[in-house]
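Please open the model in your viewer and keep the sequence panel at hand. The tour proceeds by selection, one element after another.

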Amino acid sequence: MVDPQLVIEPVYLATVFFFIIGLYRMSNPLTARSGIVWAGAAMLLATVVTFLTPGLGNIGLIGIGIAVGGGLGYLAAKRVAMTDMPQMVAIYNGMGGGAAASISAVELLAGTAANTAVLAVAGGLIGSISFSGSLIAFLKLQGWMRQKPITYSAQQVVNIVVLLLAGFFGALVLTNSGVVPLPVRLFLPLFFLLALLFGLLMTLPIGGADMPVVISLFNALTGLAVAFDGFAIGNYAMIVAGVIVGAAGSLLTLVMARAMNRSIPSVLFGAFGATDEVGGAVTGSLKSIEADDVAVMLAYASKVIIAPGYGMAVAQAQQKVKELSDLLESRGTPVKFAIHPVAGRMPGHMNVLLAEAGVGYEHLFDRDEINPEFTGTDVVLVIGANDVVNPAAHRQGSPLFGMPILDVELAKNVIVLKRGQGRGFAGIENDLFYRDNTRLLYGDAQESVGKIVQALKKL
Amino acid sequence: MTDLSTVWPAVYIAMLAAFTGYVVISRVPVMLHTPLMSGSNFIHGIVLVGAMVALGLATTPLEQAIGFLAVVLGAANVTGGYVVTERILEMFHRPRRPGPGV
């Protein structure tokens, strides 16, 4: 019989090759779709040949585990709405981290060699942090937990102490020494509990607006944990794939933070939006408008720009907005969509949501392209966006200062569709709403846009 | 650290892999950040392979239980990560519907 390793290793090698090809293709819009298919096929092949591993027992359990986990993952991912994708990325990333931590636990329980135990502890620590941290990120984005930063006094001291304790017990696991008056078999569970606790504590003070950056960071961490486990069990496919994700994820984290004008330390330790804004009191008053009047305004406009935000997606108003833009175009009024890099919950999320509604890419313009155009525009419709159009970003001293925004306030008329008088994701007052050229149309975005469409049809 | 001769090749490989990961996505447009994050999330699902081996070689009931958990979580990472990425990228593939009156 042929040595199974002669089959397994070449297949793992091919798997990693196709992962790289897949990622490469995913970084270009034209080939992106095929990229995930390549990577998926490679993953399937790698999973199948792993069954050939010499001495592999518990085959039945493995099959059940794959069926249960894979089935649940598949069903949940198929059912979730496009608006909820960011938290799905968070939860699946957390599961990867949990899997990495569990592998470490098994390796350490089985008592592997000392030189690989260090790596298993590292993988266990990082994987556990990524697991519990991603769960908190999921709960916050899903709205099952308060999105505002959760802070208390001496928070960072507590966090550091917990992390140090986790590292301390990790070291005890390695040495099995009786420095502390505790039974040796308690070291391992304590190590994992403390690591999980740290992931939870470090994510609590991070607000909803910064979550995309944090999810990306946990994604990179899970990659790293997988790589460490790969080292520990001598699996090169895991090492290479894990390190690639670690590096790509780190870069992605930096790029995202830059797009939001946030630094990584301020994301992790800043508790953004927790404090009240200093200075820059708003002047003027809120002026509301009715849908019929908006329709009249649009009917006589020669140029319209729509600035959508996450609120539009929450209200499921994309289809109505698409209808409105088609209607205006058919009347000869050009409509453009202004897409802020972080509109929605993640960079690029808004493009996806509008594409789902059938808005063509030729109508979408990113911030740098559209910003010079606001000055000559008759009407800007801001639909469910807040922070990305907040002129406070131009004012020193504001927590938003320096964040690149859509300069909608330069248009002749700004109509803001809002559900109520609440603040944006960042929790900062928006003085755009008080400007003389701004009118607010209160109500559910889907309903409001529907009313505008009806009124416009009668004109 | 007993046998350093096996560790060093792995470290070299890891360094090259880090460089690869960095270069492959260094010029990605903002539009693709979300799908790429999701795609790389899928790729670390390779952890499933390690989980299968861990469970496959587990002997005690406790090891088996944790190994089983690893397989379940790893498998969810794989299928969930794939479907989410595929669904997001599907949007880029959709044929453009011509708008009425255009």
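A residue is called buried under 20% relative accessible area, exposed over 50% and partly exposed in between, with a 1.4 Å probe and protein chains only. This is a predicted model, in which local features need pLDDT of at least 70, side-chain atom pairs count only at pLDDT 80 or more, and totals for chains, interfaces and linings use all residues. Residues are numbered from 1 along each chain as its sequence is written, and side-chain values use heavy atoms, without hydrogens and water.

Select first strand 2 of chain A, residues 335–339; four of its five residues are buried, so the strand is largely enclosed by the rest of the structure. Strands here are DSSP runs of E with at least two residues, and helices are runs of H or I with at least four, numbered from the N terminus.

Next, add strand 1 (residues 304–308) of chain A, which pairs with strand 2 of chain A in the parallel sense over three bridges; pairing requires at least two DSSP bridges. Here Ile305(A) has Lys336(A) as its bridge partner.

Then add strand 3 (residues 364–366) of chain A, which also pairs with strand 2 of chain A in the parallel sense, over three bridges. Leu364(A) of strand 3 stands opposite Phe337(A).

Now move to helix 1 (residues 5–26) and helix 2 (residues 32–50) of chain A, which pack at an angle of about 165 degrees with axes 8 Å apart. The two helices of chain A are therefore roughly antiparallel, a term for angles over 145 degrees. Axes are lines fitted to C-alpha atoms over the stretch in contact, and angles run from 0 to 180 degrees between N-to-C directions; contact means heavy atoms within 4.5 Å.

Note on methods
Chains lettered and ligands numbered in written order. Parallel < 35°, antiparallel > 145°, perpendicular 65-115°, else oblique.
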